[in-house]
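Work through the exercises below with the sequence and the model at hand. Each task is followed by a solution in steps.

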Amino acid sequence: MRDIAINPGEQFASPHGAQTPKRDPALPSGVSPALYNHDLAPTAKQGRSWGAYSLFTLWVNDVHNLGNYSFAIGLFTLGLGGWQILTALLLGAAFLFILLTLSGFMGTKTGIPFPVMSRISFGTRGAQIPALIRGGVAIAWFGIQTYLASKVLDVLLIMLLPNLEFLTHQSLLGLPVLGWISFSILWVVQVVIACWGMESIRKYEAFAGPVIFMTFIALAGWILYTSGGKLHWSAPFAKVNGPVWVHVLGAASLWVALYGTFVLNFCDFTRGTTSRKAVVKGNFWGIPINMMIFGMIVVILTGGQLSIDGSLINNPIDVVQKIPNKPLLVMASFSLLILTIAVNLMANFVAPALALTNLAPKLLNFRRAALLSAVLGFVILPWNLYSSPVVIVYFLGGLGSFLGPLFGIVMADYWLIRKQCVDVPALYTQDISSPYHYRNGFNPRAIQALIPASAISLAFAFVPALESVSAFSWFIAAGLGALIYWAISPKNMNYVDQDGEAIAVAAAKH
């Protein structure tokens with residue numbers, strides 16, 4: 001097994017006597033067509049367009065999604081008060097700011113997407129493991145989130161065209177005909193945006209961010225006005241069992257776990273960032289500051305509605321549906337659709353598109369892979385998955401249990417073992433002299449760390465006796481993955497650090 005690049009240049013010598021395969025003249029010298037295409041290639045530093053504002057709007061869209069609101073509002077049901085919820089979100093935001101900034105720096109330095117980043121620690125072939133796990137989770141959630149958004153569109157269409165209501169009484173494969181129409185419309189919109197590449201996604205996020213931000217601030221303002229400024233800071237019927245601080249820390253840990261997918265592949269976005277400063281600034285305004293605004297909106301929406309009629313809402317849709325003004329109700333519904341599309345594009349479209357591209361670079365580029373992942377998200381009939389607790393808990397929950405260990409291994413290898421030294425051109429060669437070839441393209445040490453850490457993470461998820469500490473499972477699993485990998489990896493070795501400018505492509509082409 002090789003752990004040191006023995007040739008610091010772009011070229012790698014073939015084994016003695018081996019025939020050199022015929023190369024594609026369009027490919028840079030020294031790269032393998034099985035590992036490289038323009039969508040997997042490093043982004044050139046000149047011409048990158050993701051600045052602090054792009055990252056800020058990315059976080060505005062992701063933080064203010066309906067799932068996050070449902071999670072935070074659910075903390076009221078568990079018995080936490082407004083200040084305790086704000087404290088939990090602030091602690092979680094502090095952890096996320098650190099983790100996502102470290103993860104983001106990796107993309108800024110190397111310009112490579114997550115499937116290629118995984119080659120550093122898992123090997124040129126072993127990288128398929130983390131990429132496909134991350135992509136598999138995203139494909140399922142892409143379909144589910146599109147289905148949930150289609151329900152909002154159903155209501156909006158019936159509101160605008162009442163004659164369509166009869167389509168809700170006819171079903172096909174478990175979904176009403178109107179649901180098929182709404183789902184298909186949203187599916188096409190997302191595919192069109194995504195197929196134009198990362199720059200198109202960046203522009204959509206930049207458009208959607210202010211719309212979402214102002215929509216939720218307006219909703220909070222409307223609730224404050226309607227309630228006369230009176231808020232209930234806790235649910236009167238809920239009580240906390242055990243020490244409050246344990247529940248606060250548990251909520252903070254779960255808040256971090258919700259972003260277990262994003263901390264893993266954040267480099268897919270920061271590979272297009274202009275500088276580390278842009279990452280820090282975008283993350284600062286988008287994570288701790290934005291999340292505190294999110295928390296205050298949660299408290300106002302929930303506490304205000306409790307004050308108005310004594311009911312505990314489940315998510316902002318409950319508030320939107322009570323808006324008495326029809327034009328405002330239509331505008332709010334459109335904003336929720338814009339939000340769901342924005343979240344789906346960033347969280348559930350980019351990762352599988354790049355994972356599938358990495359699986360077959362000769363056949364798939366970002367556009368083809370995005371279309372394929374969207375088709376998969378359609379044909380799995382996600383409305384049936386969403387209604388199945390077995391699928392949600394065991395399949396998606398089981399796959400999710402691997403995310404913490406994967407993050408720990410990738411981060412430990414990059415920051416602790418290699419100390420940010422990456423030979424980027426070597427990530428794109430199949431030559432056995434490559435430092436990332438390891439053993440037949442797989443790094444056994446990464447696998448050895450992943451298996452026990454994931455097994456423990458699965459135990460936290462499914463063993464009832466461990467339920468009391470399950471809220472901290474992501475941190476425990478990520479820590480174990482990092483610790484085991486660090487313990488079994490060689491220390492104090494010399495690693496080549498070489499950028500990928502010689503094989504890079506313009507960021508705008510991604």
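The expected span of a helix is 1.5 Å times one less than its number of residues. The model used here is predicted.

**Exercise 1. Find what span helix 18 should have, and compare it with the distance between its end C-alpha atoms.**

Step 1. Helix 18 covers residues 403-417, which makes 15 residues.
Step 2. At 1.5 Å a residue, the expected span is 21 Å.
Step 3. The end C-alpha atoms of helix 18 are 20 Å apart, in agreement with that value.

**Exercise 2. Describe the surroundings of helix 18 and of the residues just after it.**

Step 1. Of the 15 residues in helix 18, 14 are buried, so the rest of the structure largely encloses this helix.
Step 2. Asp-413 makes a salt bridge with Arg-418, with 2.9 Å between the closest N and O atoms.
Step 3. Both partners, Asp-413 and Arg-418, are buried.
Step 4. Lys-419, which follows helix 18, has a positive phi, near 55°.

**Exercise 3. How many salt bridges does the whole structure have, and which parts does the pair Lys-109 and Asp-497 tie together?**

Step 1. A search of the whole structure gives 3 salt bridges.
Step 2. In one of them, the side chains of Lys-109 and Asp-497 meet at 2.8 Å, N to O.
Step 3. Lys-109 belongs to helix 3 (residues 82-110) and Asp-497 to the segment after helix 20 (473-488), so the pair links parts 388 residues apart in sequence.
Step 4. Lys-109 has 28% relative accessibility and is partly exposed; Asp-497, at 46%, is also partly exposed.
Step 5. Glu-199 and Arg-202 meet in another salt bridge, at 2.7 Å, N to O.
Step 6. These two residues lie 3 residues apart in helix 7 (residues 198-227), about one turn of the helix.
Step 7. An α-helix has 3.6 residues a turn, so residues three or four places apart point the same way.
Step 8. Glu-199 and Arg-202 are both buried.

**Exercise 4. Explain why Cys-421 has no disulfide bond.**

Step 1. A disulfide requires two cysteine sulfur atoms within 2.5 Å.
Step 2. The cysteine sulfur closest to that of Cys-421 belongs to Cys-267, 18 Å away, which is too far for a bond.
Step 3. The whole structure has 0 disulfides.

**Exercise 5. Decide how compact the protein is.**

Step 1. The protein has 20 helices and 2 strands.
Step 2. Its radius of gyration is 24 Å, close to the 24 Å from the globule rule for 510 residues, so the protein is as compact as a globular protein of that length.
Step 3. Buried residues account for 56% of the 510 residues.

Definitions and conventions:
Residues are numbered from 1 along each chain as its sequence is written. This is a predicted model: local features need pLDDT of at least 70, side-chain atom pairs count only at pLDDT 80 or more; totals for chains, interfaces and linings use all residues. Side-chain values use heavy atoms; hydrogens and water are left out. Helices (H or I, at least four residues) and strands (E, at least two) are DSSP runs, numbered from the N terminus. Buried means under 20% relative accessible area, exposed over 50%, partly exposed in between (1.4 Å probe, protein chains only). The radius of gyration is taken over C-alpha atoms; the globule rule is 2.2 Å times the number of residues to the power 0.38. A salt bridge is a side-chain nitrogen of Lys or Arg within 4 Å of a carboxyl oxygen of Asp or Glu.
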